[in-house]
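Work through the three exercises below with the coordinates loaded. Try each task before reading its solution.

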Amino acid sequence: MSDRSVTDDQNQAELNEPADRPRIGVSSCLLGEPVRYNGGHCRDRFLTDRLGDHVDWVPVCPEEEIGLGVPRETLRLERSHAGPRVVASKSGTDHTDALRGIADRRREQLEGLDGYVLKNKSPSCGMFGLPVFKDGKRVDGKGRGAYADRLTTLVSWLPTEEEGRLSDADLRDHFVERVFAHARLRNLLSGDWRPKDLVEFHARHKLQIMAHSPEAYRSLGRTVAQAGARERTELAREYREGFQKALTHKATPGRHVNVLQHVFGMVSDHLDDERRHDILDAIESYRQGLVPLTLPVALVRHHCAAEGVAWAREQTYLAPFPADLGLRNALVKR
Ligand code: SF4
């Protein structure tokens with residue numbers, strides 16, 4: 001890649017970075033804090049060494065926050081008539097309500113976040129597949145941590161993932177993309193925005209939304225068309241809900257190809273045959289699963305910048321998160 005394209009990539013990424021960095025809640029032990037029952041931690045290098053350069057963490061250890069010290073008894077999920085309870089394995093003390101209460105106490109803070117990363121396999125923080133016991137025997141493998149359960153009920157719209165699942169390139173890409181998109185919208189709606197700002201936001205996110213849900217793009221377009229005529233708070237609520245819901249749909253390879261062809265259509269008149277074929281070859285290779293998404297995206301981004309195709313250049317789709325996170329460089333299983 002030439003020096004020029006590197007500069008273009010950096011400019012595009014900076015353009016799309018929210019002024020106020022994304023705020024992500026996180027299980028404290030994942031940042032290396034020695035808060036586990038045995039005084040250890042579970043530092044996650046992707047979170048601390050890569051994502052951490054671009055976001056502000058809000059660490060929470062619910063077990064520490066309810067007053068359990070370090071070291072402490074291990075906890076586990078026990079089956080009961082009222083659903084799984086979090087119980088200390090030796091003393092039998094039930095900590096369920098206290099752990100759920102931490103999420104309630106932090107509700108306002110949770111509503112100001114752009115994402116959350118939880119520690120897997122924890123009876124407090126784990127989201128999926130925890131063992132549930134009865135009379136010392138494992139009776140079920142579908143439990144959920146008490147804090148995680150309450151958190152995901154209170155802020156069901158918040159991009160939330162377990163750290164173990166973030167080792168999957170596809171899930172990691174989707175999570176990080178949603179976090180940065182949430183932060184951009186939060187930045188806009190928490191300021192003194194005007195209807196034209198929302199129209200502009202929607203226009204810049206056109207391709208990104210279309211890659212996730214073309215139907216949602218059309219529906220959000222109808223909301224934005226009423227921007228000057230509706231009460232601001234209600235309009236913002238409707239747009240935010242629709243935008244967040246749209247991004248929960250995974251962007252499929254087929255939709256990426258449609259979007260890339262759309263951008264190609266914007267820039268192709270500016271290019272000679274050789275460069276046109278380069279782009280079309282890259283899109284086709286991506287469609288066949290031979291190259292990662294980053295290749296055709298980098299190519300169209302470079303040509304849009306070089307040819308001054310302003311509308312396409314400003315699309316968040318071409319740089320949805322900082323390039324140095326190194327996402328989208330892997331081949332995704334189809
Ligand atoms: S998993 Fe949750 S409760 Fe357990 S040590 Fe980590 S932050 Fe604390």
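**Exercise 1. Lay out the open sheet of 4 strands: what is its order, and which strands are at its edges?**

Solution.
1. In this predicted model, the strand order is 2-1-5-8, and the pairing is parallel.
2. Strand 2 (56–60) and strand 8 (160–162) are the edge strands, as each pairs on one side only.
3. From one strand to the next, the twist averages 20°.
4. Helix 6 (residues 146–154) packs on this sheet and touches strand 2, strand 5 and strand 8. Its direction makes about 165° with that of strand 5.
5. Now take one pairing. Strand 5 (residues 115–118) runs parallel to strand 8, joined by 3 bridges. Here Val117 stands opposite Glu161.

**Exercise 2. Find the partners of strand 6 (residues 130–134), and state the sense of each pairing.**

Solution.
1. Strand 3 (residues 75–78) pairs with strand 6 in the parallel sense, over 2 bridges. Glu78 stands opposite Phe133.
2. Strand 7 (residues 137–143) runs antiparallel to strand 6, with 4 bridges. Leu130 stands opposite Gly143.
3. Check the hairpin of strand 6 and strand 7: 2 residues lie between the strands. Asp135 takes a positive phi near 50° there.

**Exercise 3. Is Thr233 buried or exposed?**

Solution.
1. Locate Thr233: helix 11 (residues 232–248) contains it.
2. Apply the cut-off: exposed means over 50% relative accessible area.
3. Thr233 has 56%, so it is exposed.
4. Add its surroundings. The side chains of Thr233 and Glu231 share a polar contact of 3.2 Å. Leu189 is 44 residues away along the chain, with 9.3 Å between the C-alpha atoms of Leu189 and Thr233.

How values were computed: Residues are numbered from 1 along each chain as its sequence is written. This is a predicted model: local features need pLDDT of at least 70, side-chain atom pairs count only at pLDDT 80 or more; totals for chains, interfaces and linings use all residues. Side-chain values use heavy atoms; hydrogens and water are left out. Buried means under 20% relative accessible area, exposed over 50%, partly exposed in between (1.4 Å probe, protein chains only). A polar contact is a pair of N or O atoms within 3.5 Å; within protein, one must be able to donate a hydrogen and the other to accept it, and residues adjacent in sequence count only if both atoms are side-chain atoms. Two strands pair if DSSP finds at least two bridges between them. Axes are lines fitted to C-alpha atoms, for helices over the stretch in contact, and angles run from 0 to 180 degrees between N-to-C directions. Contact means heavy atoms within 4.5 Å.
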